[in-house]
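Grab a coffee and open the viewer: here are some exercises to work through with the structure on screen. Try each task before you read its solution.

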Amino acid sequence: MAFTLYSLIQTALLCVNAVAVLHEERFLRKIGWGMEQNVGGFGEDPNIKAQLLTLIRAVRTVMRVPLIAMNTVSIVLLLLFG
């Protein structure tokens, strides 16, 4: 497989898909990354773990519909052009 712009975009899409399917109760809580672990006070700088959890939740919330569209376009392109 050649390194093209399409393969780079497809790799990014697969990584975003991987983040989007992480389930908080089944996977994240088992490794100690549940919702209750990142309770911080007002004015405190969030640590890296809290920022990653916020990013994962944001990706799951905001990117749900665009991911469906991007996956559909990617599948159609693969079917048409191989």
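## Warm-up: does a helix have the length it should?

At 1.5 Å a residue, the 15 residues of α3 should span 21 Å, and the end C-alpha atoms of α3 are indeed 21 Å apart, so the two agree. Keep in mind that this is a predicted model.

## Exercise 1: the overall layout

Work out how many helices and strands the chain has, and what pattern they follow.

Solution, step by step:
- Count the elements: there are four helices and zero strands.
- Read along the sequence, and you get α-α-α-α.
- Check burial: of the 82 residues, 17% count as buried.
- Now look at contacts with a separation of 6 or more: residues 24 or more positions apart account for 57% of them.

## Exercise 2: the other helix lengths

Repeat the warm-up check for α1 and for α4.

Solution, step by step:
- α1 has 16 residues, and 22 Å is expected at 1.5 Å a residue. From first C-alpha to last, α1 reaches 23 Å, which is close to that.
- α4 has 18 residues, with 26 Å expected at 1.5 Å a residue. Its reach from first C-alpha to last is 26 Å.
- Step past the end of the helix: α4 is followed by G82, whose phi is positive, near 75 degrees.

## Exercise 3: how α1 meets α3

Decide whether α1 and α3 are roughly parallel or roughly perpendicular, and find the residues that make their contact.

Solution, step by step:
- Start with the axes: those of α1 (residues 5-20) and α3 (residues 48-62) come within 8 Å and cross at roughly 100 degrees.
- Angles of 65 to 115 degrees count as roughly perpendicular, so that is how α1 and α3 sit to each other.
- Next, pick out the contact residues: α1 brings V16, V19 and A20, while α3 brings I56, V59 and R60.
- Sort these residues by type, and you have five nonpolar, no polar and one charged.

## Exercise 4: the buried side of α1

Find the buried residues of α1 and say what they pack against.

Solution, step by step:
- The buried residues in α1 are S7, L13 and N17.
- Look down the axis of α1: its buried residues fall within an arc of 120 degrees, so they line one face of the helix.
- It helps to recall that an α-helix has 3.6 residues a turn, so residues three or four places apart point the same way.
- Follow that buried set outwards, and you find it packing against α4 (64-81).
- Zoom in on one of them: N17 lies in α1 and has 18% relative accessibility, so N17 counts as buried.
- Leaving out residues up to four places away in sequence, N17 touches L67 and N71.

## Exercise 5: the buried residues of α3

List the buried residues of α3 and name the helices they pack against.

Solution, step by step:
- The list for α3 reads A50, L53, I56, R57, V59 and R60.
- Their packing partners are α1, α2 (24-28) and α4.

## Exercise 6: two residues to compare

Classify V21 and L77 by accessibility, then look at what else there is to find about each.

Solution, step by step:
- Locate V21 in the loop between α1 and α2.
- V21 has a relative accessible area of 64%, so V21 is exposed.
- Go C-alpha to C-alpha from V21 to R64: the two are 43 residues apart in sequence and 9.8 Å apart in space.
- Turn to L77, which lies in helix α4.
- At 33% relative accessibility, L77 counts as partly exposed.
- Not counting residues up to four places away in sequence, L77 touches Y6 and G82.

Conventions: Residues numbered from 1 in each chain as written. Predicted model: local features only at pLDDT ≥ 70, side-chain atom pairs only at ≥ 80, totals over all residues. Heavy atoms only, no water. Axes fitted to C-alpha atoms, helices over the stretch in contact; angles between N-to-C directions. Helix = DSSP H or I, 4+ residues; strand = E, 2+ residues; numbered from the N terminus. Parallel < 35°, antiparallel > 145°, perpendicular 65-115°, else oblique. Contact = heavy atoms within 4.5 Å. Nonpolar A, V, L, I, M, F, W, Y, C, P; charged D, E, K, R; others polar. Expected span 1.5 Å × (residues − 1). Buried < 20%, exposed > 50% of the residue type's maximum accessible area, 1.4 Å probe, protein only. Arc of directions from axis to C-beta.
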